[in-house]
Amino acid sequence: MTQIVVGENEGIESALRRFKREVSKAGIMPDIKKHRHFETPLQKHKRKAIARSKQRKRRFKY
């Protein structure tokens, strides 16, 4: 869980900016997007197959 402590004289804009930076640094957004909706087993299998094929293409690229 990402937390920030807002200073007494700190504006909400700067606190929000710091929070966004911490969230992006922690890698939370890709995880949220991945779990945004239910994924059927078939969709999960297709997504993983596409990821494997992309990984193979990168590995055997000359």
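**Group meeting: a three-helix chain and its salt bridges**

Hi everyone, thanks for coming. The chain on the screen has three helices and zero strands. Please keep in mind that this is a predicted model. Reading along the sequence, you get the pattern α-α-α. How does the radius of gyration compare with what the globule rule gives for 62 residues? It comes out at 19 Å, well over the 11 Å from the rule, so the chain is more spread out than a compact globule.

If you like to think in boxes, the C-alpha trace spans about 55 × 35 × 15 Å along its principal axes. Now, burial. Just 5% of the 62 residues count as buried. As for surface, the chain exposes about 6,300 Å², and carbon and sulfur atoms supply 57% of that area.

Let's turn to charge, which I suspect some of you have been waiting for. There are 19 positive side chains and 6 negative ones. How far apart do the centres of the two sets lie? The answer is 20 Å.

How many salt bridges does the count come to? Three, and I'd like to walk you through them one at a time.

Let's start with R18 and E10. Their side chains meet in a salt bridge, with 3.0 Å from N to O. On the accessibility side, R18 has a relative accessible area of 28%, which makes it partly exposed. E10 is partly exposed too, at 25% relative accessibility. For anyone wondering about the labels, buried means under 20% and exposed means over 50%, so both of these values fall in between.

Next up are K25 and E22, whose side chains form a salt bridge at 3.7 Å, N to O. Where do these two sit relative to each other? They are three residues apart in helix 1, which covers residues 12-26, so about one helical turn separates them. Here the two partners get separate labels: K25 counts as exposed, at 63% relative accessibility, whereas E22 is partly exposed, with a relative accessible area of 32%.

Finally, please find E39 and R47 on the screen. This pair also forms a salt bridge, and the closest N and O atoms are 2.9 Å apart. R47 is partly exposed, its relative accessible area being 37%.

To wrap up, then: we have a predicted model of a chain with three helices, more spread out than a compact globule, with 5% of its residues counted as buried and three salt bridges. Thanks for listening, and I'm happy to chat afterwards!

How values were computed. Residues numbered from 1 in each chain as written. Predicted model: local features only at pLDDT ≥ 70, side-chain atom pairs only at ≥ 80, totals over all residues. Heavy atoms only, no water. Helix = DSSP H or I, 4+ residues; strand = E, 2+ residues; numbered from the N terminus. Rg over C-alpha atoms; globule rule 2.2 N^0.38 Å. Buried < 20%, exposed > 50% of the residue type's maximum accessible area, 1.4 Å probe, protein only. Areas by Shrake-Rupley, 256 points an atom, 1.4 Å probe, with all protein chains shown as cover. Lys, Arg positive; Asp, Glu negative; His and termini not counted. Charge placed at Lys NZ, Arg CZ, Asp CG, Glu CD. Salt bridge = Lys/Arg side-chain N within 4 Å of Asp/Glu carboxyl O.
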